[in-house]
Every structure is written in C-alpha cells, then in structure tokens.
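These are my notes on the structure, point by point. Please read them with the coordinates open.

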Amino acid sequence: MINFKESKTIRNYYVDIIAFLPFLLLLISGIIMLQYHGGKAYLDETMGINGNTWIIIHKILTVISLPIVLLHLALHYNWLKKLVTLKLKNKHSGMNISIFIIFLLCASTSLLSWLIFANSNIGEALRGIHNKLGILLIVFFAIHILNYYKWIVNMTKSVFKE
C-alpha cells in the first residue's frame, strides 16, 4: 500500500533539492551584481565575466528559479495558507512568513524594474530596493536552510538508504 504522506514528503524533498542549486546560483550572482550596482564599472570583470554579462546570467537564473520556487510554494499550499492566515503555529512560523514576504517583495521589485520600468528613475529606485531586499533574502534563506537542516539531513539519509 502506498503511504501518501511519505510519498508527498519525498516529492517535496526532490523539488527542494532541485530548487536549491539554481536559487543558490541566483543568490551568488545577486551578490556579484551588488558590486556593479555599487559603482564597479560594468566593463570590469568578476570571475572573468563583465557586469553586463552578469546581469544576463542573473536574469536567466531568475527565469529558471522563479517557477521552481513557485512550485515549492504550490506544493506547500495548505501549509502556506495556514501560515498567511496565522493559523499555523510552529517554532519557525515567524521566520517563514518573513521569508515569504521578503521573497514576494524582492521578486516584485525585480520584475517591475526589469519588465515595466526598465530605463526609468522608477526602475532605478526599484532596483535599489531590490538590492536591499536581496541581501535580506540571502540572510533569511540561510536561516531557513539552517532551520530545516535536520529534516534535509534525515530525508537525504532516507532517500539514499532505499
């Protein structure tokens, strides 16, 4: 007989693992982009790549990461609904609602500055806000991973044991 709760957990584990690498690369490229947004010339290179190319890499990683992160959130829809309506009470609720809000704001400012207000003062202001939110998101993402570290380790052991 299929244990649906266990199969959902394993499915969530695989989605989380698949989401981790592109999201991590997105965060790393975002850190690199902070140098250029901070005044480093876009023709100067970081790790052999100039700032203009880093922007393209960051946007490509955004296009790859966003649907995977949205899938992660969709798989946790009921949990997320309880979290947002403040009906979920666990030790990580505050952190999880914070990372969700920061993610939404970071993604919104990014997409608005990229797709709607590209070459305008509003776009520049949105990119500035996005930069600050991105730094905050990196910190909260690291804490999120640490909060679920035991689950990740236990699931990894369980998956590779089978």
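1. Contact here means heavy atoms within 4.5 Å. By that criterion, Trp79, Leu80, Leu83 and Val84 in helix H3 meet Ser93, Asn96, Ile97 and Phe100 in helix H4. The residues of this contact divide into 6 nonpolar and 2 polar, with no charged ones.

2. The model is predicted. Across the protein chain the mean pLDDT is 88, and 96% of the residues score at least 70. Among the elements of the chain, H3 has the lowest mean pLDDT, 81. The highest, 96, belongs to strand E2, residues 49-50. Anyone using the H3 contact in point 1 should read it alongside the mean pLDDT of 81 for H3.

3. How do the axes of H3 and H4 cross? Two packed helices are described by the angle between their axes and the distance between the axes. For H3 (residues 77-84) and H4 (residues 93-116), the axes come within 10 Å and cross at roughly 100°. Angles of 65 to 115 degrees count as roughly perpendicular, and H3 and H4 are therefore roughly perpendicular to each other.

4. His144 lies in helix H5, residues 121-147. Is His144 buried or exposed? The cut-off for buried is under 20% relative accessible area; His144 has 19% relative accessibility, so it counts as buried. Its side chain makes a polar contact of 3.2 Å with the side chain of Asn96. Leaving aside residues up to four places away in sequence, His144 touches Asn96 and Ile99. Asn96 is also one of the H4 residues that H3 meets.

5. Asn12 is part of helix H1, residues 4-37. With a relative accessibility of 9%, Asn12 counts as buried. Which residues does Asn12 touch, not counting those up to four places away in sequence? They are Leu75, His76 and Trp151. In addition, a polar contact of 3.3 Å joins the side chains of Asn12 and Arg11.

6. Met47 deserves a look at its backbone. This residue has a positive phi of about 55° although it is not a glycine. Met47 is found in the loop between strand E1 (45-46) and strand E2. At 68% relative accessibility, Met47 counts as exposed, whereas Asn12 counts as buried. The strand that follows this loop, E2, has the highest mean pLDDT among the elements of the chain.

Methods: Residues numbered from 1 in each chain as written. Predicted model: local features only at pLDDT ≥ 70, side-chain atom pairs only at ≥ 80, totals over all residues. Heavy atoms only, no water. Axes fitted to C-alpha atoms, helices over the stretch in contact; angles between N-to-C directions. Helix = DSSP H or I, 4+ residues; strand = E, 2+ residues; numbered from the N terminus. Parallel < 35°, antiparallel > 145°, perpendicular 65-115°, else oblique. Nonpolar A, V, L, I, M, F, W, Y, C, P; charged D, E, K, R; others polar. pLDDT = per-residue confidence, 0-100. Buried < 20%, exposed > 50% of the residue type's maximum accessible area, 1.4 Å probe, protein only. Polar contact = N/O pair within 3.5 Å; in protein donor to acceptor, adjacent residues only side chain to side chain.
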